[in-house]
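Me: I should like to go through several labels attached to this structure and examine the grounds for each. Please set each value against its criterion.

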Amino acid sequence: MASLRPTPTDGYPSPTSDLQYNTENILKSHLPLPSASKPGPSPVLHRNLHLQFLLRNLLQGFPERYVSQDASQPWLIFWTLQGFSVLGVGLDDQTKKRARQTLLALQHPEGGFAGGPGQAAHLLPTYAAVCAFAIVGQQGEGGGWEGIDRKKMYDFFMSLKQPDGSFLVSHYGEVDVRGLYCLMAVATLLDLLTPELLRGVPEFVASCQTYEGGFGNASFPGWAFQDDSGSPVVDTSAPRPVLGEAHGGYTFCATATWVLLQPYLRLYYSSHPATPAASALPPAPTVDVRALTRWLVQMQGTPIELGGFRGRTNKLVDGCYSWWVAGCFALVAGLRTPHPPPSPSSEGHTAEEGWADVDDAVFGRGALQEYLLYAGQHPAGGLRDKPPKPADAYHTLYCLSGLAACGWTDEGARRREVVSEADAEHAQLDALRREAFVSALCWLEEEGMSIYVGGEDNRLNATHPLFDLTVTHSEAIMAYFYGQSPPARRPKPVVPK
């Protein structure tokens, strides 16, 4: 306990430094006290309490304070349903049917989904609704998936597209990279990606990276879109200043969007020689992955903050960034060039010397789990930002997702399996659709990353790093809309001890 040193200050107290100091003391008080003879008890994931929290919301309805979320009804559904999925609990057929009926009632007649009955279509509830459909939907009449109007969905997306490659979140709404991620995720899940839809999007995403390495919410839309005479001109490759500071939510959305754009970048830009006429293609925009990684690492709290993550520089740690920030590490790993594994007989060490427990992650996985297990769990069930705040549906899901997030890798062997299956079943798939399908479904849990603080009993269902859905739900909905099935995932071989 003596080693938990408070954050240094400059000797001039302020409301910000006082809040940081008080937060650190509260977090420290949630650590178990070790005795002289033995360490403190291991943390326990209180599954039953969290299930009861989710069941209360599902069966009794949300508390009165959720009235402010009237325009976020698909989100409330998704947070609850995905919470059950991460905890490994299936839903009965009647509950699934009710959820499908509710979601279909929120589909806007002109495409997309609204946040509530009679409201305008919006990209954010559209993502939440489609992800909820991935959990409760199925193929066949009445299964829900056939009720999603993909043609109107695509038309809705195109009606929001701006000259700089960005998208409005709704008609007469603002540009926001979170809305772009929601669009990209939905378009990938529902097989809606086209060159027309994606034109200019990579340039816009790249323009949102800040000097810190993380991403802001947008960039100045009209900065480089007129000539000296004031006449309109569109040059999406021109540099433009980013709006706002780097933020965890924006950074996850921009990074995930960048990963989802990789098939398009490989096929339509010159720095990715996957096409014969690469020299005739425009140069690809770039993202500084090194700076992004550095910013992500710096967002993890110190030991006195129990290893939680913050969403912005000099802000307090918050449980939800266990997903929005820590979840980016798998995406960054997928963007980086893979390195060959070290030889088992590297100098000074042999394969028999017991290096299986070494965690070479660039962030403290164990520390993050301790934050969520010691401080993130509310005594009455559900998870929270941090003590003494109450639990809520939003933090319950994203704390669980952060706890479930393990090491993922864009695995070459899995990619070859999916490619082979795609070629055998649907040779007529165009290149962009094929690449999108393969890239989304080639992720595998990385060997050696299964580290569970408190033991295997605290293990949760792993979530797909791009969609925050289980792999089973991601594969099922994509198999339906792409008209092909990915190959079965083979279990990891058990290494004898």
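Reply: A residue is called buried when its relative accessible area is under 20%. The model under discussion is a predicted one.

Me: Why is D191 called buried?

Reply: The relative accessible area of D191 is 10%, which is under the 20% cut-off, so D191 is buried. D191 is located in the loop between α7 and α8 (195-198), and its phi is positive, at about 60 degrees, although D191 is not a glycine.

Me: What makes T188 buried?

Reply: T188 has a relative accessible area of 1%; the limit is 20%, and therefore T188 counts as buried. T188 belongs to helix α7 (residues 177-189). Beyond its neighbours within four places in sequence, its contacts include L260, F467 and Y482.

Me: How do you know that a polar atom of the T188 side chain makes a polar contact with the backbone oxygen of M184?

Reply: The two atoms lie 2.7 Å apart, and the cut-off for such a pair is 3.5 Å, so the distance criterion is satisfied.

Me: Why is α3 described as largely enclosed by the rest of the structure?

Reply: Of the 14 residues of α3, 13 are buried, and the description therefore follows. Helix α3 (residues 73-86) reaches 20 Å from its first C-alpha to its last, close to the 20 Å expected. Just after α3, G88 adopts a positive phi of about 80 degrees.

Me: What makes L306 buried?

Reply: The relative accessible area of L306 is 6%, under the limit of 20%, so L306 is buried. L306 sits in the loop between α12 (289-298) and α13 (321-324).

Technical notes. Residues are numbered from 1 along each chain as its sequence is written. This is a predicted model: local features need pLDDT of at least 70, side-chain atom pairs count only at pLDDT 80 or more; totals for chains, interfaces and linings use all residues. Side-chain values use heavy atoms; hydrogens and water are left out. Helices (H or I, at least four residues) and strands (E, at least two) are DSSP runs, numbered from the N terminus. Buried means under 20% relative accessible area, exposed over 50%, partly exposed in between (1.4 Å probe, protein chains only). A polar contact is a pair of N or O atoms within 3.5 Å; within protein, one must be able to donate a hydrogen and the other to accept it, and residues adjacent in sequence count only if both atoms are side-chain atoms. Contact means heavy atoms within 4.5 Å. The expected span of a helix is 1.5 Å times one less than its number of residues.
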